[in-house]
Each structure stands twice: as C-alpha cells, then as structure tokens.
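Visitor: I'd like a close look at one part of this protein, the spot where charged side chains pair up. Could you walk me through it slowly, and then show me what lies around it?

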Amino acid sequence: TPTGQMVPFCEVARLVEDEGYSAIRRIDQRRAVTVSADVNQGLANAEEVTAALTATITQLERDLPGVRIDFAGNKRETAKSLGSLKRDFVIAVLLIFVLLVALFQSYAQPLIVLTAIPFGLNGAVAGHFLLGYPLTILSMIGLVALTGIVVNDALIMVDFINKEVKEGKPLFEAIIDGGRRRLRPIILTSLTTILGLAPLMLEQSFQARFLIPMAISISFGLGFATVLTLLVVPSIYMIVHDLQALATRIWHGPAAAIPKTPGTSAGLA
C-alpha cells in the first residue's frame, strides 16, 4: 500500500488465468502469423499446392478485409530465382547476338540464327507435357542453357550458305545445297547431346529425378529445334534476303544492286 503495509493480493486485484503469446512477430509493422508445412513430393509439389490454395486464400482476404496473406518459403524463392533467370536469359541472348554480329559482320544474319531459340523453347515445353513433368526451376535453368546450344545448328547452316554464295553459287541453289550437305553434321551434333542425356531421363533414383526436368528441357528442345532448323532457317534466310532486296529497290531505285546475302550493303548498278 502507499503506507508501506503488506495486504493480500486478492484484496487489491483479481487474478485471471489466460493464454498469451510467447512472441509477437511483425512484418512491415503489421502483426503476422507464419503457417508452414513440408510438401510430400510423392503426391504433389509446392507449385501445385499453392495453386490449389489460391481460391481459398482469395476468399479469406475477401471475407476478412484486414487480413493479407503472402506466400513465402519455396514459392518466394522460386519467384526470385525466376527473376534472375529472366535477366540471365536476356544477357545470354545479347552476348550470343554480339558474337554472331562479329562473326558474320551483319545484323540480319544473327537474327536468322537466333530464330532457333523459340523452336527449342517450344520443344522443351512439349517434352514436359509428353513425359508428364511440371516445369520447375531446373527446367528454366535448362532453357537458359538451351539458348547457347540450339544456335549451333543454325550457325552451321547459315555459315555454309554464306560460303557457297561467296563462291558464286546462286542463292537458292546455295540454300538447297546447304540443307543437303549440312544435314548429317547437324543431326549428328544434336544426337550426341540427346543420347548423352537419355540415361539421366530414364533414371528412377530420387537424386536423378531431381535433375530430369533440366535434361528434358535440353533434349527435347534441341531435338525440336534441329528439325525446324533444317526446314525453317533456310526459308527465313531466303525471306530476309527478299525483304532486303525489296527495301533496297525502294530506297535506291529499281536499278540498285541486290546484296548477295542478307545484312550486306548494296551499291548502285
């Protein structure tokens, strides 16, 4: 008491026992609760679980305006990794373009070679669908690695056509001859890579299954790009040449000399 005397606690207060928080966590100055769990990889993966929870979480946020639910853990780390992979993919394509410009001394022909990259990406997605594997972060890593591999076939094709044209062969004949004479090297180059990754795709151990999506991206992407490179890249080469010839005639007049290969300069006849 104020006078310094001792009195029973029950005479000055009422004691109520209740549960309390051992710790209060805040994120961005808002009280937060963390809910965590481990995913049974034999039944589902983190992406499938979060996708299944999206509708429930949206409904909770609608019913409880003061509540905000954010994903962390595996999903947040995956989002960060995908962001860095997008940046790395763009850097890889730009570096490949710069190297090809230095090789061909042209801005148009590197673009013809780079058309093989979308072919490979489509093949990688088709491979995951056919084998029943979801696209994972390792699949994305395989796609970035694939960008530097699929351009090899188109590079061999375009370089051979350029050499044939410089030797005086007409462009159409050079394209046909390039497809015929480069068929075996292109197919063998792709098959060696695909067959080298085939045992990994057939492996059933847990450690190997972790890497299978990356092998699928590279193998199916390369196989798909090889077939389309033999068919589409020569056609694109001819189309680019025709477009450049049309632009030259419009800019310099009908008497202008047509470049022998796409991307080279032309004078007046």
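Guide: Let's start with a pair of side chains: Arg 180 and Asp 177 meet in a salt bridge, with N and O 2.6 Å apart. Keep in mind as we go that this is a predicted model. In general, side chains of opposite charge can pair when their charged atoms come close. Where do Arg 180 and Asp 177 lie? Both are in helix α6, 3 residues apart, which is about one turn of the helix. That spacing is handy: an α-helix has 3.6 residues a turn, so residues three or four places apart point the same way.

Now, are these two buried or exposed? Arg 180 counts as exposed, at 55% relative accessibility. Asp 177 is buried, with a relative accessible area of 7%; the label fits because buried means under 20%.

Asp 177 has another partner, too. Its side chain also meets that of Lys 169 in a salt bridge, 3.3 Å from N to O. Lys 169 is partly exposed, with a relative accessible area of 30%. Back at Arg 180 and Asp 177, the pair we began with, the story widens: salt bridges that share partners join Glu 164, Lys 169, Asp 177, Arg 180 and Arg 181 into one network.

How many salt bridges does the structure hold? There are 8. One of them sits between Asp 70 and Arg 68, where the closest N and O atoms are 3.4 Å apart. Arg 68 is partly exposed, its relative accessible area being 47%.

Let's turn from charges to nonpolar side chains. The largest nonpolar core has 28 residues, and the ones touching the most other members are Val 113, Val 150, Val 151, Val 158, Ile 161 and Tyr 237. Who supplies this core? At least two residues each come from α2 (73-104), α3 (108-114), α4, α5 (137-166), α6 (171-181) and α9. So the α6 that holds Arg 180 and Asp 177 is on that list of suppliers as well. The biggest giver is α5, with 9 residues.

Take Val 150 from that group. Leaving out residues up to four places away in sequence, Val 150 touches Ala 116, Ile 117, Gly 120, Gly 221, Leu 222 and Ala 225. Three names there lead us to helix α4, where Ala 116, Ile 117 and Gly 120 are among the buried residues. The others buried in α4 include Phe 119, Gly 123, Ala 124, Gly 127 and His 128. Helix α4 covers residues 116-131, 16 residues in total, and reaches 23 Å from its first C-alpha to its last, close to the 22 Å expected at 1.5 Å a residue. After α4 comes Gly 132, which has a positive phi, near 80 degrees.

Another residue that touches α4 is Thr 229. It is found in helix α9 (residues 212-252). Thr 229 is buried, with a relative accessible area of 0%. Again leaving out residues up to four places away in sequence, Thr 229 touches Ala 116, Phe 119, Asp 153, Ala 154 and Pro 234.

Time to head for the surface. Leu 183, Ile 187, Leu 188, Leu 191 and Leu 195 make a nonpolar surface patch of about 430 Å². Leu 191 belongs to helix α7 (residues 183-202), and it is partly exposed, at a relative accessible area of 38%. Leu 202 is in α7 too, and it is exposed, with a relative accessible area of 67%. How far apart are the C-alpha atoms of Leu 202 and Phe 104? They are separated by 40 Å, with their positions 98 residues apart along the chain.

One last stop, a loop. Between β1 (25-27) and β2 (30-32) you'll find Asp 28, and Gln 29 lies in that loop between β1 and β2 as well. What is unusual to look for in their backbone angles? Asp 28 has phi near 55 degrees, a positive value in a residue other than glycine. Gln 29 has a positive phi of about 65 degrees, although it is not a glycine. Asp 28 is exposed, with a relative accessible area of 63%, and Gln 29 counts as exposed at 76% relative accessibility.

Technical notes. Residues numbered from 1 in each chain as written. Predicted model: local features only at pLDDT ≥ 70, side-chain atom pairs only at ≥ 80, totals over all residues. Heavy atoms only, no water. Patch = residues over 30% accessible without salt bridge, like charges linked within 9 Å, V, L, I, M, F, W, Y side chains within 5 Å. Areas by Shrake-Rupley, 256 points an atom, 1.4 Å probe, with all protein chains shown as cover. Salt bridge = Lys/Arg side-chain N within 4 Å of Asp/Glu carboxyl O. Helix = DSSP H or I, 4+ residues; strand = E, 2+ residues; numbered from the N terminus. Buried < 20%, exposed > 50% of the residue type's maximum accessible area, 1.4 Å probe, protein only. Contact = heavy atoms within 4.5 Å. Expected span 1.5 Å × (residues − 1). Core = buried A, V, L, I, M, F, W, Y, C linked by side-chain atoms within 4.5 Å.
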